[in-house]
Amino acid sequence: MKLTNPNNKNTLSWLWLVALTVVSTYVGIFLELLNTQKSLFIAIVLFIVFLKGQQIIDIFMELEHAPKFWRRLLLAYVILLPIIIGLIYLL
Amino acid sequence: MDNTISIDTQTVLVKTNKKLILENRLPGDLAMWFFILAELTVFAILFIGFAVSEQLNPEMFVQGKAKLHQITGLINTLTLITSSFFVALALTKMHQGYGKQAAKLLVVAKLVASIYIGVKIWEYLSLFELGIDIETNTFFTLYFMITFFHLMHVLLGMVILIFVALKAAKNEYNESNISGFESGASYWHMVDLLWIILFPLIYVI
């Protein structure tokens with residue numbers, strides 16, 4: 001059992017967050033070249049929001065080992081809010 | 001046997017090699033988590049309001065977003081993520097009992113976050129030079145309102161981290177009294193969490 005995240009876990013999480021940030025910034029340009037629909041672009045960007053949020057909640061906020069209620073509550077935020085925003089844009 | 005285990009309904013405490021390890025516990029004060037939930041709710045309303053307004057005024061929002069510098073949004077995302085990373089490292093050090101090292105990492109986190117503040121001020125000033133302000137149109141009203149509200153949270157987070165760093169430097173935290181540090185760190189991560197939704201919503205989509 002571990003209370004704290006080892007430094008390498010924090011570092012891996014940080015690198016993953018940086019990579020996702022760069023991808024979400026420039027994925028639009030890439031998809032434009034492929035002539036794909038904007039709805040796919042929005043879906044990808046919002047899915048990346050969830051991936052990044054999950055890292056911050058589980059690793060940085062250390063809720064991975066917290067009571068399930070609190071972890072699920074915070075995770076629900078980064079699942080439901082992107083879904084609501086996505087529905088507003090796509091419907 | 002040097003392992004002692006006490007069990008209640010919520011928390012399992014295990015003492016291993018004289019280091020207290022906690023599982024299934026909420027980091028920080030419960031009050032801070034209610035405060036975080038309240039903040040997240042307010043921002044959720046703002047984000048949804050922004051998305052609805054964009055659907056009602058698509059042309060205005062496309063033109064408004066074109067006037068923003070996406071690169072500044074990218075830089076600010078990277079600075080907040082990196083700042084959060086250093087706060088996470090600081091908390092790890094604090095759990096290990098190294099208060100002074102934790103304080104130094106918090107100083108680094110604040111220095112990185114100060115880049116965010118500088119970039120944000122530059123972004124505002126460059127928009128003002130173009131004659132754009134909060135009254136220009138609905139897009140910029142929401143842009144200034146949401147980003148300035150977030151900036152205020154960054155500043156409050158930095159003030160909290162200053163107090164936490166000062167206490168950490170004096171070794172006033174220990175394994176049985178660390179919730180103040182954890183609460184400050186959690187608040188800072190919330191600021192980061194909000195930005196990772198704000199950035200794609202206002203700058204990218």
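A residue is called buried when its relative accessible area is under 20%, exposed when over 50%, and partly exposed in between (1.4 Å probe, protein chains only). The structure shown is a predicted model, in which local features need pLDDT of at least 70 and side-chain atom pairs count only at pLDDT 80 or more, while totals for chains, interfaces and linings use all residues. Residues are numbered from 1 along each chain as its sequence is written, chains are lettered from A in the order in which they are written, and side-chain values use heavy atoms, without hydrogens and water.

Select first B:F139, which is buried at 0% relative accessibility. Add B:F61, likewise buried at 0%. Aromatic rings pair if their centres lie within 6.5 Å; planes under 30 degrees apart are stacked, over 60 edge-to-face, and the rest tilted. The rings of B:F61 and B:F139 have centres 5.2 Å apart and planes at 80 degrees, so this pair is edge-to-face. The two residues stand 78 apart in the chain, B:F61 in helix α2 and B:F139 in helix α5 of chain B; helices here are DSSP runs (H or I, at least four residues).

Next, extend the selection to the aromatic cluster that contains both, whose members include B:F50, B:Y143 and B:F144.

Centre the view on B:F50. Beyond four places in sequence, B:F50 touches residues (heavy atoms within 4.5 Å) including A:Y89, B:F61 and B:F139.

Finally, move to B:E182 in helix α6 of chain B, a buried residue with a relative accessible area of 1%. A polar atom of its side chain lies 2.8 Å from the backbone nitrogen of B:G28.

How values were computed. Polar contact = N/O pair within 3.5 Å; in protein donor to acceptor, adjacent residues only side chain to side chain. Phe/Tyr/Trp six-rings, centres within 6.5 Å; stacked < 30°, edge-to-face > 60°.
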